[in-house]
Amino acid sequence: QASADGTVNAAGVEKFNLYRIGYAANGPAGNTATGRLNVGAQGITGNGDFFSDLLIGTTFSDADANGDVTVSGGSMTGFGGTIYVGQSIGNGTGTGALSVTDGDILTPNNVIVGYANGDGTDTSTAAGTFTHSNGTLTTTEFGGFAVGYAQARDSAHVSASGTATLDGVTATGSYLRVGAASNVNQGSSSEASGTLNMINSTIDLTSSATIGDAFGLSSAGNAADGHLNMTDSRLTIGPFPGFPGQAGMIVARNFPNPNTATGEVTLTRSLIETEFLTLGGGSTLTFDLEGLDRVSEYGAIDVAGLASLDGVAQVRFDPLFDFGAALGQAFDLIVAETFAVVDVFGNPTDTYFDTVSFLGLAAGYTASAFIFAGADFESFRVTVSQVPEPASIALFLVGLVGLAASGRWRRPRHP
């Protein structure tokens, strides 16, 4: 039984091939490796080759690892490999945290927050936390971002969780996975949960975004849970070079059974632009309405092609929402080329949410949601209307009774 604990404080570090902050290469259960790296304006620079990577809170054994890296006012560049924040490959627990403020991150590969990968009879557990404020986050054409990602083989049972927050960040990459669980053999299974918070940030992707994704042939079933919370932000997916129309967003995908997936997307003054949109039965979309202006006052989704709806849609009205001004207005929350899908026989089938709910309605008002068919587009539209006053309803009913009586009085008699 042993443990190791180390801390480095520096203006910056550079030219190392491998950065290992809280790293357990081997050792039995009960051993712990803890590392901290705090750097300033000179940041962290790798040696630039393909094998240069950054491992924060990584275990390849039964021992546990805890890593914490803070970069204040500096950038992270020169990494040819992947940046892992909380990684476990074995039976240990890997816990990592990365915080970058007023600096950029550049890597040609991936940034993965909370990654568990096990084989044999492993019970890997990983947890990661990543915060990035005021900077750019850039990967190459095939690199991307994962938050809470678990993979299992043989008879392993692994779990991963991750939380990432981007505040004032411009990010580019190929893919985004938030809460993804997969396996290779039927005897293995995995669990993954992930949350991505975007605040005043943009992400441009060339390939895909999946929020809550469980896949693989597991007899026990994989479980995935993903959350994407956007405030004053924009997410753009596509186009993928050479494959027009193939870049899109999937929320709550579970394939095949008994895999389970839940995914939640919350839009506050934000916009998602994608070539296609697929919502699973475990999906929840929440649109915050603060005013009449699309995107700047309420969240929206634009789909260049097909949108397939399922799950739950929630419309939340702000406490200061002006319901009087909203009368006669149309709120197009999702605009798509079409909401029709094609079944296995090639027949078009309409799709719709299982449940649509309205939260925060003021007294005297009601709301309705429906699919609006325009000349060259369709939209998931919400409108607001007034609830008739009781006196008006009574007067209307009296009028109907009088009209019916008048009709009886004037009806001609027949023998």
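This briefing covers the strand partners of E13 and the cavity beside some of them. The model is predicted, so local features need pLDDT of at least 70 and side-chain atom pairs count only at pLDDT 80 or more, while totals for chains, interfaces and linings use all residues. Residues are numbered from 1 along each chain as its sequence is written, and side-chain values use heavy atoms, without hydrogens and water.

**Strand pairing around E13**
- Strands here are DSSP runs (E, at least two residues) numbered from the N terminus, and two of them pair if DSSP finds at least two bridges between them.
- E13 (residues 157-183) pairs in the parallel sense with E11 (residues 125-138) over 13 bridges, and Gly135 stands opposite Val169 in E13.
- E12 (residues 144-152) also runs parallel to E13, over 8 bridges, with Gly144 opposite Tyr175.
- E14 (residues 189-199) is joined to E13 by 11 bridges in parallel; here Leu166 faces Met198 in E14.
- E15 (residues 202-215) is parallel to E13 too, with 11 bridges, and Ala181 stands opposite Ala214 in E15.

**The cavity**
- A cavity is a set of points on a 1 Å grid over the protein atoms alone where a 1.4 Å probe fits but cannot get out, and its lining residues have an atom within 4 Å of a point.
- Points are joined across faces, edges and corners, and volume is the space filled by probe spheres set on them.
- There is 1 cavity of 30 Å³ or more, and the largest has a volume of about 100 Å³.
- Its lining has 13 residues, with Phe130, Leu137, Phe145, Val147 and Ala164 nearest the centre.
- E10 (111-118), E11, E12 and E13 each supply at least two lining residues, and the largest share, 4 residues, comes from E13.
- The lining divides into 13 nonpolar, no polar and no charged residues (nonpolar: Ala, Val, Leu, Ile, Met, Phe, Trp, Tyr, Cys and Pro; charged: Asp, Glu, Lys and Arg; polar: the others, Gly among them).

Terms used. On a 1 Å grid over the protein atoms alone, a cavity is a set of points where a 1.4 Å probe fits but cannot get out, and a pocket is an open set with protein on both sides within 12 Å along at least five of seven lines; lining residues have an atom within 4 Å of a point.
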